[in-house]
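Open your viewer, load the model and keep the selection tool at hand. We will go from the whole chain to a few chosen spots.

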Amino acid sequence: MDSAGLPRNLTIAAMRRRHLRTVLSIERANYASPWSGASFLSEMMQHSTRYYTVALLGRTVVGYAGLMVIDSEEAHVNTLTVSVEYQHRGIGTFLLVDLVKEAMDRGVDNLTLEVRASNNTAQALYRRFGFVPVGVRKGYYEETREDAIIMWANSIRSPEYADRLEFVQSRIGMEAMSPSRSSRSSTSLVSSEYPALPLSRENKPHMENGGDL
Ligand SMILES: CC(C)(COP(=O)(O)OP(=O)(O)OC[C@H]1O[C@@H](n2cnc3c(N)ncnc32)[C@H](O)[C@@H]1OP(=O)(O)O)[C@@H](O)C(=O)NCCC(=O)NCCS
């Protein structure tokens, strides 16, 4: 890690409507089929099953992440994106640590996601978090017909996983500045709102596009 590591004044906050302008410009810079503002708003409104955050440098949004809780067995990482000029400084890791902790707080045991077969950076990051490839969705990404790799991280509430998470945090110098989670309400699990199927950018009915997750 070089000196341009994790910015010291990085914080995490719940994604709000006021963040959307910057979120959407980061989204457009990173994805061939970006989500729309309506898609983000729809996600953000489903408080009991969703958890969407932004990484802030001061008041500037530099990244964002989203989690969808299915049940105690499974939560889906819907998005993880960092502004191009801030990538490779640990911000993606910072956001994902927070997402994983939220899933743990909600009593979820396992996490899953889809990632482009060609997206080596993201796959390396996910592997560090204990995600392993378990399958392929052929031609999942509409615009290029690229395959999606399905990855799972299991038993995230085990002591072994706690060790992994601590190691991941130490690698980006996060111990001293773990995101404070006390100010954010965490909802305990199990709600009748859970969709029958995990939703991704490709199969969300309200999402007219297909992105990386
Ligand atoms: C994937 C993504 C979210 C990662 O975000 P990021 O902030 O760059 O992630 P991190 O900095 O935590 O980790 C990425 C790499 O930077 C390295 N890194 C972190 N801090 C560093 C530092 N201070 N100095 C040098 N390298 C550093 C990490 O070790 C990691 O290395 P690797 O790629 O060799 O494995 C980001 O690249 C992104 O938004 N990509 C486009 C959208 C996307 O593909 N999202 C994922 C969809 S599945």
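The stops below go from the overall fold to the core, then to the ligand, a hairpin and a helix.

**Stop 1: the whole chain.** Please keep in mind that this is a predicted model. Colour the protein chain by secondary structure, and you should find five helices and seven strands. Walking from the N terminus, the order of elements is β-α-α-β-β-β-α-β-α-β-β-α. The protein chain has 213 residues, and 38% of them count as buried. Among contacts with a separation of 6 or more, 68% link residues 24 or more positions apart.

**Stop 2: the core.** Now select A55, L95 and L99: these have the most contacts inside the largest nonpolar core, which has 48 residues. Which helix gives the largest share of this core? That is α3, with eight residues. As a general background, nonpolar side chains in soluble globular proteins tend to be buried together.

Stay on L99 and show what surrounds this residue. Setting aside neighbours within four places in sequence, L99 is in contact with Y51, A65, L67 and V77.

**Stop 3: the ligand.** Next, centre the view on the ligand and display the 23 residues around it. Which of them come nearest? Select G5, Q87, G92, T93 and A124 to see them. Three elements give two or more residues to this shell: β4 (74–82), α3 (91–105) and α4 (120–128). Of the elements, α4 gives the most, with four residues. Try colouring the shell by residue class: you will get ten nonpolar, ten polar and three charged residues. Notice that α3 appears here as well as in the core.

**Stop 4: a hairpin.** Select residues 132–141 for strand β6 and 146–153 for strand β7; the two run antiparallel and are joined by six bridges. Where does Y141 find its bridge partner? Look to E146 in β7. The hairpin has four residues between its strands, and R145 takes a positive phi near 60°.

**Stop 5: a helix and what follows.** Finish with α5, residues 159–171. This helix has 13 residues and reaches 19 Å from its first C-alpha to its last, close to the 18 Å expected at 1.5 Å a residue. Then step just past the end of α5 to G173, where phi is positive, at about 70°. With R145 and G173 both labelled, you can look at two positive phi values in turn.

Notes. Residues are numbered from 1 along each chain as its sequence is written. This is a predicted model: local features need pLDDT of at least 70, side-chain atom pairs count only at pLDDT 80 or more; totals for chains, interfaces and linings use all residues. A residue is near a molecule or strand if its C-beta atom, placed from the backbone, lies within 6 Å of it. Ala, Val, Leu, Ile, Met, Phe, Trp, Tyr, Cys and Pro count as nonpolar, Asp, Glu, Lys and Arg as charged, and the others, Gly among them, as polar. The expected span of a helix is 1.5 Å times one less than its number of residues. A nonpolar core is a set of buried Ala, Val, Leu, Ile, Met, Phe, Trp, Tyr and Cys residues joined through C-beta atoms within 7 Å. A residue is buried if 20 or more other C-beta atoms lie within 10 Å of its own, exposed if 12 or fewer, and partly exposed in between; C-beta atoms are placed from the backbone. Two residues are in contact if their C-beta atoms, placed from the backbone, lie within 7 Å. Two strands pair if DSSP finds at least two bridges between them.
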